[in-house]
Amino acid sequence: MEVVCEGKDFSFSKEEEKILKFWDDIKAFENQLKRTENMPEYVFYDGPPFATGLPHFGNILAGTIKDIVTRYQSMLGHHVTRRFGWDCHGLPVEYEIDTKLGIKSRKDVEEMGIDKYNEECRSIVTRYVEEWEKIVKRTGRWIDFKNDYKTMDPSYMEGVWWVFSQLYEKGLVYQGFKVMPYSTGCKTPLSNFEANLNYKEVSDPEIMVSFPIVGDPHNAAFVAWTTTPWTLPTNLALCVNANFTYVKVRGKVSGSTYVVAESRLSQLPSKKSKPDTPSGPVRDSKHSNLKSKSSSNEKVKDAVDTGSYEVLEKVTGASLVGMKYIPLFDYFMDLSDVSFRVVADNYVTEDSGTGVVHCAPAFGEDDYRVCIENHIINKGDNLIVAVDEDGCFTDKVSDFKGKHVKNADKDIINAVKEKGRLVKSGSFMHSYPFCWRSNTPLLYRAVPSWFVAVENFKDQLLENNRQTYWVPDHVKEKRFHNWLENARDWAISRSRFWGTPLPIWISEDREEKIVMDSIEKLEKLSGVKVTDLHRHKIDHITIPSSRGQEFGVLRRVYDVFDCWFESGSMPYAYIHYPFENVELFENNFPGNFVAEGLDQTRGWFYTLMVLSTALFGKPAFRNLICNGLVLAEDGKKMSKSLRNYPSSMEVIGDYGADALRLYMINSPVVRAEPLRFKKNGVYGVVKDVFLPWYNAYRFLVQNAKRLEVEGLAPFVPTDKITLQMSSNVLDQWINSSTESLVHFVRQEMDAYRLYTVVPYLLKFIDNLTNIYVRFNRKRLKGRTGEKDCRTALSTLFHVLLTTCKLMAPFTPFFTEALYQNMRKACNELEESIHYCSFPQVGGKRDERIEQSVTRMMIVIDLARNIRERHNKALKSPLMKMIVLHPDTDFLEDIAGKLREYVLEELNIRSLVPCNDPLKYASLRAEPDFSVLGKRLGKAMGAVAKEIKAMAQADILAFEKTGEVTVAGHSLKRDDIKVIREFKHPDNKEEVLDAAGDGDVLVILDLHSDEALSHAGVAREVVNRVQKLRKKAGLEPTDIVEVYFESLDDNNTKLQHVLNSQESYIRDALGSPLLPSSMTPSTAVLLCEEAFHGVDRLSFIVRLARPTLIFNSDAVLALYSGNVKFSEGLQIHLWSRDYYNLKSEFQNGNGKITVDCIEGQPAVDVLLMNHLFLTTGDFYLSSRTD
């Protein structure tokens, strides 16, 4: 393995750029696909985005989720085809072209030519493809852009045709009407997206109108309120709410009798009101489908205005259903058998209006739905729309024919008044939608559309939804289930230009209809060669009538498909099924996995489910991950104009793509909750996850290289089977923890719960760095012998390697970087980590040791808390710690296998285990209200009182058996918390304090003596030396001599400390602390620093390169007293590279032969006899002598 730089000098972003080049050089993604091509298929559907804009954090999030799952499945041994897709048709593209070319109306397009318009649309569809590929690739996602699919490709469009033809053959397609926002300026319906683009403040009328009840003994009339008087001529029904209370009231002054909701009675005009008094402000019609149904006046709690009206009757809304009324106009009297009656629906609210809504089915979504449901009109019938494309009344409304509906409002109000039906009138200011193209007010208007009869197979939709697996589950069970349960027939056609044309050819008399299911069929019937299916390429194609020439030809209907129909056809169209890949599709449908944002529950997820259910009676997918929305840090939607979020490439450039991926995956957004994106949060991932992980890896590399520096055999990791036999408790623990990690990750990844995987992985990395590496520093540095060192390094190597494989799907760059260096230690490993198999479950697990180490860390944290309370730094040793716990296994572990780690970490001399629960503590029981509250309800108070009153003996018995009966309720361990409170001993000379957590109590002896004080000073000295090494920029493998000089007038105390703590200091530094008087004249000084006030002591520490020390007499004796030869040997050895010379002595077991000095005889030089490699070796030798 090659030496690696310090974490502070490691650029995650630049390293990722190197990995990207490495992947390109070895064609990593292509080769992974090739290596797995004969393995079982794992089918992943990638929802197509529009390429007319650049990717945002939401796209990156969804892409990351997809990449993690597909990488994981590849490592499990699946062949995972990953093709990028592009949504090429529809409104976003047309909108850009209209804006670019200044197109204002449908007529503008027709004058320009559909061919030119569509080619303009085609020209921008792939505008940002290169940018998408660059950003997606930079995030680490492996997906095929070269073999992508586009919804504008002829093969894809042909697949859409096939899907539609199958629905048609199944009788699931019909032509009907859909009420949509309609632009009279452009003579075209708009999408809801377009309808929201241009709102203006306008003044509109609001009126109350009476509808006399047929046969009512009091001559009563229903009163309905509307803000769109122009819809009144086409009224066919009145709608009430069956659950409301309605009142029949008679005006005390006017004598008029009205029926309104009781809660809305106050909205009727009072005796003081004038006919044109407005009923108050109304809600923004933006939220009322343009055709407002009711006033926004606050709900009136006092139902009866006794000053103006006398209440004659109170009835339920349900009792009004079926009543007939006299229509306001007679234009639709031919429908009187089924119309002009009361129906009920819950869309009628009591927070505004009168509780009675007038319904004109051609001009309101709810109106149309309610009239269909109550058989006032029939689905699929030729609905009479009495307003033409220009927004003017047709001949059907004879009194107002030719007038634009908005201009006819006043005339209609006057007509209502003349009929004596105007109850109240006024006007109000509100925000109203205008066409973004023509700047004309929008209407809601029924337009002809082709529908899929979704309601016919709604039960199958719900059943298929039950067969799918969603993460999180509540989105499936609530949001998506509710959407399916209320599914309406789907209008799949749009009166547009750039899209997949409907494959329907109809004769002029509409008696003959042909639906194309393929290009081949169209070519065969028309005799025309077809290479492109867009409108301008096929609209001119006609089909001869099968009935003979006299019946003319069939022409294509002008509509195109809603782009959601195209994307819902993706599982079939993207592989050109059924024209190709029949076996591939039929063996692997439904697909294994899809993932998109929460908004797709009403979009892509829905259309996938509808079409697959209609075609095959199956869901389109088996597994789904639904993510939430990524918001700006301020909680608002990310907005370019507000500049309230950083660019994705800026974040990646600063912190790397892996950090961005992990930040988003380890957040609520993977549970379909919103994420407030914070760039600082990405930095937090680098600081808290990647740097500790990197430092553990660097520690491995440094100490593996140290073996070579010290002249030992290069590091080659011991095999895992041998390592399982290690007697070291932390080796056993980390090996077991790694196996537990593998088990957990596979279990959760198989369940697609990414949000549980990451926290567990992060906790493991934290344990690896802060427990295994931290507590094993001596072993890893070789202080406990070479064999033990290699065992510890090998264990760390395999744990890091396994961790990298587990994390490879999540952090593909960083794991690859570590892997590429680590694989040099064992050449048989795969070329890329992403070619490796995912770690298997099956190794040895020891739950006891895992639990004991977890408890050990609790003990350590509690002891640290006690130290902090008493300002006792860890550098100050303490005499004793008592650990109180009822589990004898744990006490045995912590006083045995784990003892040395606890003592060293806490700087304590002795550890005393205790399982006597009452020796140092008193016990107290507390109920766990969070567990018991819901279960016990009202009985909670009595149970809690008895639990708190439990005696010590009862608590001990409960701990032993794990159950107790309290106030007639059987309680278990999880129901009661046993709290141990420290009980001070009678011996007042002991200075003790304690801290507890659940069933463990830690007690520290805080008494100090001279020996402990000296040990504390020694730790301070070592700490200063280590900091000075770091300041000098030294690596752990760099060998230096440490010289020490007291600055105190009386250095007796310091010398006493150094003498008594010499063994500890030498062990901690890896070399002795040398008196400054021993500094050789040839020493090369690296760094020095003076320290003052260290436990009231002052001293200087100097670091120097290691220097050869010669035994002059022994060297002189080698040459029989020849001084010249003796000096020549010393000069020669001084000129040698220090580390090479050291290695030669190690290889020669402490002896080398020098025979290369010209004119001098060969001599054998013995280490520790003729010379010493360091001043420290000489110092220790002289001390021994």
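Select Glu786 and Arg790 in this predicted model: the two residues form a salt bridge whose closest N and O atoms lie 2.9 Å apart. Both belong to helix H27 (residues 786–807), where a spacing of four residues separates them by about one helical turn. Their surroundings can be compared by colouring on accessibility. Glu786 is partly exposed, with a relative accessible area of 38%. Arg790 has a relative accessible area of 15% and is buried, because the cut-off for burial is under 20%.

Next, select Glu373 and Arg488. A salt bridge joins these residues, and the closest N and O atoms are 3.5 Å apart. Display the secondary structure around the pair: Glu373 lies in helix H10 (residues 365–373), whereas Arg488 lies in the loop between helix H13 (473–485) and strand E16 (490–491), so the contact ties together parts that are 115 residues apart in sequence. Glu373 is partly exposed at a relative accessible area of 36%. Arg488 is also partly exposed, with a relative accessibility of 36%.

Move then to Glu1144 and Arg1136, which form a salt bridge with their closest N and O atoms 2.4 Å apart. Glu1144 is partly exposed, its relative accessible area being 35%. For Arg1136 the relative accessible area is 25%, and this residue too is partly exposed. Return now to Glu373 and Arg488 and add Asp345, Asp366 and Arg369 to the selection: salt bridges that share partners join these five residues into one network. In total, the structure holds 72 salt bridges.

For the strands, select E3 (residues 173–183). How many of the 11 residues of E3 are buried? Nine are, and the strand is accordingly described as mostly covered.

Add strand E14 (residues 442–452) to the view. E14 pairs with E3 in the antiparallel sense over 11 bridges. To locate one point of this pairing, label Gln175 and its bridge partner in E14, Trp450. When inspecting side chains here, recall that in a regular strand they alternate between the two faces of the sheet.

Finally, select strand E4 (residues 188–189), which pairs with E3 over two bridges, again in the antiparallel sense. Label Ser183 together with Thr188, its bridge partner in E4. E3 and E4 form a hairpin, with four residues between the two strands. Which residue in the turn has a positive phi? Select Lys187, whose phi is about 55 degrees.

Definitions and conventions: Residues are numbered from 1 along each chain as its sequence is written. This is a predicted model: local features need pLDDT of at least 70, side-chain atom pairs count only at pLDDT 80 or more; totals for chains, interfaces and linings use all residues. Side-chain values use heavy atoms; hydrogens and water are left out. Buried means under 20% relative accessible area, exposed over 50%, partly exposed in between (1.4 Å probe, protein chains only). Two strands pair if DSSP finds at least two bridges between them. A salt bridge is a side-chain nitrogen of Lys or Arg within 4 Å of a carboxyl oxygen of Asp or Glu.
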